[in-house]
Every structure is written in C-alpha cells, then in structure tokens.
Amino acid sequence: MDDAAPYALRVEGVSKKYIIKTELKHPKLKEYEDRSVYGRMAQKFYGKLRTQKKDFWALQDINIDIRKGECVGIIGKNGAGKSTLLKLLSRITEPTAGRISVWGSLAAMLEVGTGFNAELTGRENVYLNGAILGMNRAQVDERFQEILDFSEIGQFIDTPVKRYSSGMYVRLGFAVAATLNPDIMIIDEVLAVGDAAFRKKCEDRMERITNQGNTVLLVSHAMANIRRLCSRCIVLEHGRIIFDGNPEEAIRIYEGESKVLPVRADVSGASRWGGLKGTAEIRVKSFELLGADDKNAIPIGEKLRVKFSAESQVPLPDVCFQLQIWGQGITASAPTAAVRNAFPTAGEYSYTLTQEVESLRPGWYELGVVIHKTTQDGKPGTVIDGVRGAVGFRILETDTAGKVPFRPKEWGVVTLPAAVVDKY
Amino acid sequence: MAKSKAPEQYPQGRPTVVIEANGRNGQYWKDLWNYRGLAFLMARRDVTVRYKQTIIGFGWAIITPIFNMIIMSLIFGTFAGFRETSEIPYNISVFVGALGWGMFVRGVNTGAGALAGAGLAGKVYFPRLINPISSVLSSLIDTAISYLVLGLMFVGYGYVPPLRMLLSFPLLLPPVILGLGAGFVIGSYSIKWRDLRSIYPFALTLGQYVTPVAYSAENAANVMQKVGEGTLSLYQMFSLVNPMTGYELAYKWSILTDVQFDVRAFLVSVAWTVPVLWWGIVRFRKAERDFVDIV
C-alpha cells in the first residue's frame, strides 16, 4: 500500500483485559472432604464464599496502522481476539490500555440485520437498522431504492420480517449496511451467508467499496474472501498479532496450524520428542537457525543451516545425527549422518547441519534433531537423545514470475526437482 | 470534557474519534444528539410491536388507567372518605393525580430497567441513553390515550378545565426526569445488590400514599389530625422533603381548579431533581462503560 496515503485508523498499544471469576477451593475444605452431611454443607458454604478474580487478556499490545483505501483482513482461531478487536474499534467496549484513533466515519457490521424486529415490516426495519448504523431518515430515504434493488426483496418489503426466509432476512440486512458508505467499514463474517449468487454480489460490492478508496476491515474464517478482497492480512493468536502482511503468507501461517517459533532456543530442559526420555549419556542443549531473518525465513535459494550443541557425560566417539522436519501435514527426514569422533571426551560440543530444502513447499516448519549411537557396522542404532519443535523456520514463496504459483491443494506437499524432458 | 490532546502529529489533521482507556468521551452528548432519530424510531418500533402483539391493542392503554382510577377511587374516595370535599368530581381528581404520579413511576421503571438487558449494546455503538429516552417517548402514546379518556370524563361529568391546562403537558416532563434519575441510580446499584429490584416497587407503592396523589393537602391534614398531632407533624415533615409533592401538586393544579400551586414544594422538587439526575447520569455512564463486558 501507498505509504504516503493518510491514516484511516491507528491502533497504538491497545490491550483489553476481562476479569474472569472462578470459584476457588477454600483451604478449609480439606478438613471436610468426607461425604458426611456436615462435610457437604461445609463444602457448599466455603465453596461459595471464595471466588477468585482472574485477569484474562483478550488483546495484548496491539499496534496496527491502516491507511486510507486498504482492505485489511483479520484472521485467527476462535478466541484469538478478533471479535474483541472489532468491538474496540466499533466503540462497543473500551480498551484497558492504549489508544485508537479514527479518521472519518466508521461503521461496523458485526452481524447482519442488527436490531431487526420480527414484528416490523421490511421497510420499517430498514429505517430502524439504518438509524442504528448511524444514518438519519433523509439518508435512508435517499438510499431506499438502492437497498430494495440490492436486497432483491421486491414486493415483500411491506411484509413483517418474521415471514421472511432466512435468506431474505440476511439479504435485507446486508443491503442496508452495504449502502452505508462510511469511510471505514468493519465487517465480521457476514459474507458467509446467503446463496452463492448473493454472496458473489456482496463480494463485488465489497470490492467496489475498497476500490472507491474506502477502508475495509474484514474478519473472516473464509480464506477465499480474504484472498479475494484483502491487500493485507493480520493474524491474531492468543490476543497478539503474530503476522501482519501479505494475505497468502498470513493464510499459510493460519492454516498451517504453525506456531511462530524462535530462531534459537535453549532445549536442555525441554521435554523430549515422542515420549523419548533421552539417556543420561547425552543431552542436546541448544538449537539455533543460522542465516534466517528475524521472521525465521530462509532466504530463497539458500540451504537450511542449523547449529546445535549437545553435552555428553561420557566419551561418545561414533554417533549419527539426523535432521527431522515437521509441518504442512508432513514429516520429512534427512538420512542420518554418521560422524566420527563427535564427542571424544565428556563435554559440550557444537555442530551445524546443512540441509537442502528446495523441495519443501512454502510455509512453516518445525525442526528436530535426533542423535543415534552408531552400531559396530557403522549404522544408526539406539536413539540416545532427540528434540523436536523448539525452533521453526519458514520457506518463502519463490519468485513466481513466469511460473504457475504452487498450488498446494492440488499439487501436494512436496515439490520434486524439475523433470527432465527428452524425446523418446 | 474534551481532553487536551498531544500536539498535532498526523499530516491529515486530528482524528475524528479517539478511543482510549477510561476515555472521557467528550462527544457523548454530540452523539446523543446525532442519534436522536434512533430514539424516535425505537420508540415507534416499541409502540408498533406492542400493539401488533396484543389482541385488544390500544384498548389496553384505555383499560389500564380506568381500572387504576376505579381502584384508587374506591380506596381513597369511598373507604377513606375523601370523596365529598370538593366541587370537582372525585373520579377526575384521582385520574389526574394518578396521571402525574404515573409519569414518575414510568421514569423510575424505565431508568431502573435501562441497564438490565444488553440487547443491542453488544452489537453496535450508540449512546446508551438513547434506550431510556426512547422508552419514555414510546410511553407518551399511553399518556395521549389517558388524555383522551380524561376528555371523555370532562364531558361526562360536565367539568370545564381551566385554560392553564395547557401547562399540564410540559408539567408531565419534570416527574419523568426525576424518575429517570432515581431509576438510573437504582438500576446501577441493583446490578450488585439485586434485592433493590424487589424493594423499589414497594417504595413506589408507598410513595403513592404519602404523596398527595389521591387526596389534597387538606384531606391529609384532616385525617392526620384525627389520628393525632404527632402523625400530622410527621406527615408534614415528610411533605417538606418529599421530592414528588411539588410536581404532583403542580400537575394537579394545572387541571383541577381546587388545587393551589405550591411554589415552595415545587422548588423542593426541583432542588431534588438536579442532583438526582446528575447522580443518575454519572452512574449510568459508568455502568454503560463496563456493561458490555459483564453481561
């Protein structure tokens, strides 16, 4: 987006705290754990008295700058804080900390047909809904025909909406909001309703709104809509922004179920992979991704380089290292690499592993390392330690110029090297 | 209450809206004005829905005040013996008195109920004061119907109201405002102390008997004197501070020729209204802020 475009919305250091009350077990309850009548009464009594207030941060330190004309998607799992963010932006509730500045008029569609009353006719509801969204009577009058056309309600406009089909209801609700034309429009999930034709119409309208220089914020679980409408996408997780940028990338992060893992991690205390306890002989202590940028991305065309250090208690001259990769629904392992004289004495040694990863499809991956003992005949034997998932990396989309972009749904998960074509 | 903002830091000028923690929303009152159309539409919705759903529709608005009048007339006029003290038909006195008092009750109920249900509050922003305002507006239709009944009674009893009856319309407003203020306070505290919800209707019923709704000041003096001097002075002491006495008397004065306008009582009522309304709005604003998060 044009960096010179003026701001439409600035969210600066915004946090939102909710207080959850939980009943706490009174320490006295221990004395009454028996099942006698008296004990049960005591449990009721003390149980009721002690409630604990716990803070729950629905959003933490959110910073977003949105410029005029941007269409920004917001995605995240349930409970990630999307709805809370929209509620803050639309002034339904206040932030606990931070500041939100808005330039221009803002309208929020957090649900279709807000305030519709079943007893009222379509026409009456249009005026009421318009007023709720901040339009005055003259403005609704002016747009009434447009609303009528868009909703395709036709002659039913003077019928009470309780007799409408759910599709009609939704169409009318969307039509009112769609003609609203505010400077900034906030939409939550509403595109997921109606039949295919109407949905298409809504999307076209959304696109037109964006093209007219209005700013749109779209919260959705429908990735197709995010792809189609958004120029930028924010991924929320546990109340924090974990990604802000290219929609494709955002969707991959969201769909890949991937955590954003650090570039380096201390794993000496980490639990061992797959229930493997590890042995007393050796322990992997730390893990580091070399040559990645601060967003864990491996530069295009580069190899994956991992540095790890392990401390052995006994001399372990012959071991095998193995790199394992998890992500995008697959597990990929490199052949084991036998190393001679790896741990000649007890103590800490560091190694790097370099791995070709060209065949991995773009996205998030977790890294793991397994150490085997080498058997007499030079083959990998018992696993003596292994760690997984402490460090993650990202494969970027390669330059797609002149190529068809990788289509994971149809093409699978591994890119094979280019086929060699010969005349037969 | 606009907070002084940091010096201009954006090229396109000041933001239209700034949302901050514990924000003193300086434009609340401006918003309230901008959303006035919503108040009217919501009132219309309430009225339409109410009369669409009931069988006799507007009939209820006529039946309720008439029944109310008959009951009060029986209690005060027949049993307490207030009937024969004036030229004006007692039924008219009682009806007018109940109308004025009813405005106060309506205010209290609306105010107390305004914070009870979230409804739209969790879906879209608008100043929440719109809710009680629209409720009061929608109840005006009942008042209009009551006036219709009153007119019929005038004809039936051959009573000619004084010209100052025109003043009775603006005089309906102060008791509503006082009631709203009190209702907001009750409503906001009853979130925490739910018992209040059961207590305040009793207080309202009691108030109806200690305020000159169905009797005049002279009636009261007579009765109290029979009971004893102590009771009379107790009643008079209460009358001095009763916030509704002034409004009730003023309203009755505007329609009934045998009632005197009590300036002192009216000023007492005004003196109550200002702080009560202020307190009520402060409580309401505070409650509406956390409201969505709790419900």
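**Close-up 1. A:Trp326 faces A:Glu366 across a strand pair.** In this predicted model, A:Trp326 sits opposite A:Glu366, a residue of β18(A). The pairing behind this view is antiparallel: β14(A) and β18 (residues 363-374) of chain A line up over eight bridges.

**Close-up 2. β14(A) also pairs with β15 and β16 of chain A.** Strand β14 covers residues 319-327 of chain A, and three bridges tie it to β16 (residues 337-339) of chain A, with the two running antiparallel. Look for A:Cys320, whose bridge partner in β16(A) is A:Ala338. β14(A) is also joined to β15 (residues 330-333) of chain A, again antiparallel, by four bridges. Here the pair to pick out is A:Ile325 with A:Ala332 of β15(A) opposite. As a reminder for this view and the others like it, strands of a sheet pair through backbone hydrogen bonds, and they can do so parallel or antiparallel.

**Close-up 3. An open sheet of four strands in chain A.** Going across the sheet, the order is β10-β11-β13-β17 (chain A), with antiparallel pairing. The edges belong to β10 (264-266) and β17 (347-355) of chain A; each has a single partner strand, so one side of each has no neighbour in the sheet. On average, neighbouring strands here are turned by 20° against each other, direction ignored. Zoom in on β11 (residues 282-290) and β13 (residues 304-312) of chain A and you'll find an antiparallel pair held over eight bridges. One of the residue pairs to spot is A:Leu290 with its bridge partner A:Arg305 in β13(A).

**Close-up 4. Chain B, a run of helices after one strand.** Chain B has eleven helices and one strand. Along the sequence the strand leads and the helices follow, in the pattern β-α-α-α-α-α-α-α-α-α-α-α. Of the 295 residues in chain B, 36% are buried. Among its contacts with a separation of 6 or more, 79% link residues 24 or more positions apart.

**Close-up 5. Where chain B touches chain A.** The contact draws on 28 residues from chain B and 34 residues from chain A. On the chain B side, β1 (17-20), α2 (36-53) and α11 (263-294) are the elements that give two or more residues. The most come from α2(B), which supplies eight residues. Sorted by class, the side of chain B that touches chain A has 15 nonpolar, seven polar and six charged residues. There's strand pairing between the chains too: β4 (residues 97-102) of chain A and β1(B) run antiparallel and are joined by four bridges. To find this pairing in the view, start from A:Val102, whose bridge partner in β1(B) is B:Val17.

**Close-up 6. The largest nonpolar core.** This core holds 166 residues, and those touching the most other members are A:Ile74, A:Ile186, A:Leu218, A:Val235, A:Ile371 and B:Leu38. Helix α4 (residues 90-113) of chain B is the top contributor, giving 13 residues to this core. Domain 1 (63-255) and domain 2 (264-395) of chain A both chip in, so the core lies between them. More broadly, nonpolar side chains tend to be buried together in soluble globular proteins.

**Close-up 7. The contacts of A:Ile74.** Which residues is A:Ile74 in contact with, leaving aside its neighbours within four places in sequence? They are A:Lys82, A:Leu85, A:Leu217, A:Leu218, A:Val219, A:Ile234 and A:Leu236. One of these, A:Leu218, is listed alongside A:Ile74 among the core residues that touch the most other members.

Technical notes:
Residues numbered from 1 in each chain as written. Chains lettered and ligands numbered in written order. Predicted model: local features only at pLDDT ≥ 70, side-chain atom pairs only at ≥ 80, totals over all residues. Pairing = 2+ DSSP bridges. Axes fitted to C-alpha atoms, helices over the stretch in contact; angles between N-to-C directions. Buried ≥ 20, exposed ≤ 12 C-beta atoms within 10 Å, placed from the backbone. Contact = placed C-beta atoms within 7 Å. Nonpolar A, V, L, I, M, F, W, Y, C, P; charged D, E, K, R; others polar. Core = buried A, V, L, I, M, F, W, Y, C linked by C-beta atoms within 7 Å. Domains from an automatic or database assignment.
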